[in-house]
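Here are my notes, as promised, on the model you sent over. Have it open while you read, and we can talk through the points afterwards.

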Amino acid sequence: MTTSGTGDAAARRAAIVRADKACVWHPYTPMQRYLDEVDPLVIDRAAGARLFDVDGRSYLDANSSWWVALLGHNHPRLVAALRAQAGKLCHTSLAGVTHEGAARLAEELVAVAPPGLEKVFFSDDGSTAVEVAIKLAVQLWFNEGRPARKRFVALDGAFHGETLGATSLGGVEVFRRPFAGVVLDCVHVPTPGGARGGDGHAAAFDALAEVVRRGADEIAAVVLEPRVQGAAGMLVYDAEYLRRTRALCDDHDVLLIIDEVFTGYGRTGPMWACEAAGARPDLLCTAKGFCGGVLPMAATLASRRVFDAFLGAPDRAFYYGHSFCGNPLGAAVAREVLAIYRDEDILARAAPKARRIADAFEALCDLPSVVRPRSIGMIGAVDLAATASYLGGAGWRVYEEARRRGAYLRPLGDTVYVAPPLTIPDADLEELLAIVRASIAAVVGA
Ligand SMILES: *Cc1c(COP(=O)(O)O)cnc(C)c1O
């Protein structure tokens, strides 16, 4: 690169950061610290498992850019599908109108969904997919003449999104606290994710069962992130908990909402994490990997039982919808995502990569103060202190070390984790795992 080229890049970078610091309010970011101290990555382009900044440096994307780019960035087939659809139809509403993309996508989703899910309600992102499930659950009981059933049960540490309904289900205390007075009625029960020193899934299940047994007449639904609670710090739990929860919900005629926004599309191994438990949800939420990280789009899948409760007179209908429901661009990309999973055998080819992640995270425990290694599918995590918390600082020091070494490794407090694209090339994965190890070692002083 010539001197003048470097100068141009530096000037461009400075101008972007100036505009950003003047006007952008960043998500999940303490802005005081950001404005005072942070020199942000300025990303220019991306390909595969790598992000490139305006200076041309590359960063391995350890978290698939907030868990969405499951097929890597800018998959050529997804870019081509988007281009082709954009030349034909970018948008039409889905209010009593339809189009090929939405119709075919719904059909294809039902074909790959866990058995029993037959209807697809489209929305925009994970939060709206959860919001749809919440409102369907409440209105189902209203329509069935049992309006007292409007309480939800969710896990401690749960994360289900940002809308007020989804926030109500959230069990991460720092996120929830300001809204304590305005959220829906939700009971939080102990996490089955024993990695934090909880009592394991059996005791957690007993606590859940007690809440459901006592309060069934007022409970609309139990809501779970299946097999792993992501934002809580990658807390992995046993499939048995899911299986028993399904049976419990059946016994008490309570709905089971499975939030596969993070876990769907093979993140934990199978297409859906709840498949491992054979737990058939009444409602399943999916987003993130849904469009391969190309566009925001989501869906809530419903069983026949749920759908049928909204048939009959018009006042039983679900009066809900977003402007971009079933958007044709999103539908075209989402269909191509499913085609790539079929054609490129994505799940089977991720399996050996998942084993590499598990081995590498297990091995991190020989570093001082690295504890609780855990992994499931294309996720590996460790905690850096005995008292990991979302606002802890060690994770961010690891982030800085990793950035210097060429990886984007956003932590969850003192939990350091990777959730890379399922398609990350083996050489990139090895490099990422080596960076994780070196960066943690630099912080904990090994
Ligand atoms: C990210 C996430 C959501 C929210 O999805 P958005 O697209 O960010 O609105 C909901 N549930 C789970 C489990 C998630 O990980």
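**Pocket first, then the rings**

1. The largest pocket comes in at about 1400 Å³ by volume. Keep in mind that this is a predicted model, so treat every value here as computed from predicted coordinates.

2. Which residues should you click on to find the middle of that pocket? Pro27, Tyr28, Thr29, Trp396 and Arg410 lie nearest its centre, out of 47 residues that line the pocket.

3. As for secondary structure, the elements giving two or more residues to this lining are α1 (3–23), α2 (31–37), α3 (64–67), α7 (164–169), α8 (173–176) and α14 (394–405). The largest share belongs to α14, with five residues.

4. What kind of wall does the largest pocket have, by class? Its lining counts 27 nonpolar residues, along with ten polar and ten charged ones. Both domains take part: domain 1 (7–74 + 346–444) and domain 2 (78–343) each supply at least three residues to the lining.

5. Now the rings. There are 16 aromatic pairs in the structure. One of them joins tyrosine 265 and tryptophan 272, and it counts as edge-to-face because the planes stand at 75°, past the cut-off of 60 degrees. The ring centres of that pair are 5.5 Å apart.

6. Are those two residues buried or exposed? Tyrosine 265 is buried, since its relative accessible area is 1% and the cut-off is under 20%. Tryptophan 272 is buried as well, at 0% relative accessibility.

7. Phenylalanine 310 and phenylalanine 318 make another edge-to-face pair, because their planes also meet at 75°, with ring centres 5.9 Å apart. Phenylalanine 310 has a relative accessible area of 12%, so it goes down as buried. Phenylalanine 318, at 16%, is buried too.

8. Have a look at the aromatic cluster formed by Tyr28, Trp66, Phe159 and Phe175. Tyr28 should ring a bell: it is among the residues nearest the centre of the largest pocket.

9. Finally, where do arginines meet rings? The charged end of arginine 45 sits over the ring of phenylalanine 52, at 4.0 Å from the ring centre. Likewise, arginine 149 places its charged end over the ring of tryptophan 141, and there the distance to the ring centre is 4.3 Å.

Note on methods
Residues numbered from 1 in each chain as written. Predicted model: local features only at pLDDT ≥ 70, side-chain atom pairs only at ≥ 80, totals over all residues. Heavy atoms only, no water. Phe/Tyr/Trp six-rings, centres within 6.5 Å; stacked < 30°, edge-to-face > 60°. Buried < 20%, exposed > 50% of the residue type's maximum accessible area, 1.4 Å probe, protein only. Lys NZ or Arg CZ within 6 Å of the ring centre and 35° of its normal. 1 Å grid on protein atoms, 1.4 Å probe; cavity = no way out; pocket = protein on both sides within 12 Å on 5 of 7 lines; lining within 4 Å. Points joined across faces, edges and corners; volume = space filled by probe spheres on them. Helix = DSSP H or I, 4+ residues; strand = E, 2+ residues; numbered from the N terminus. Nonpolar A, V, L, I, M, F, W, Y, C, P; charged D, E, K, R; others polar. Domains from an automatic or database assignment.
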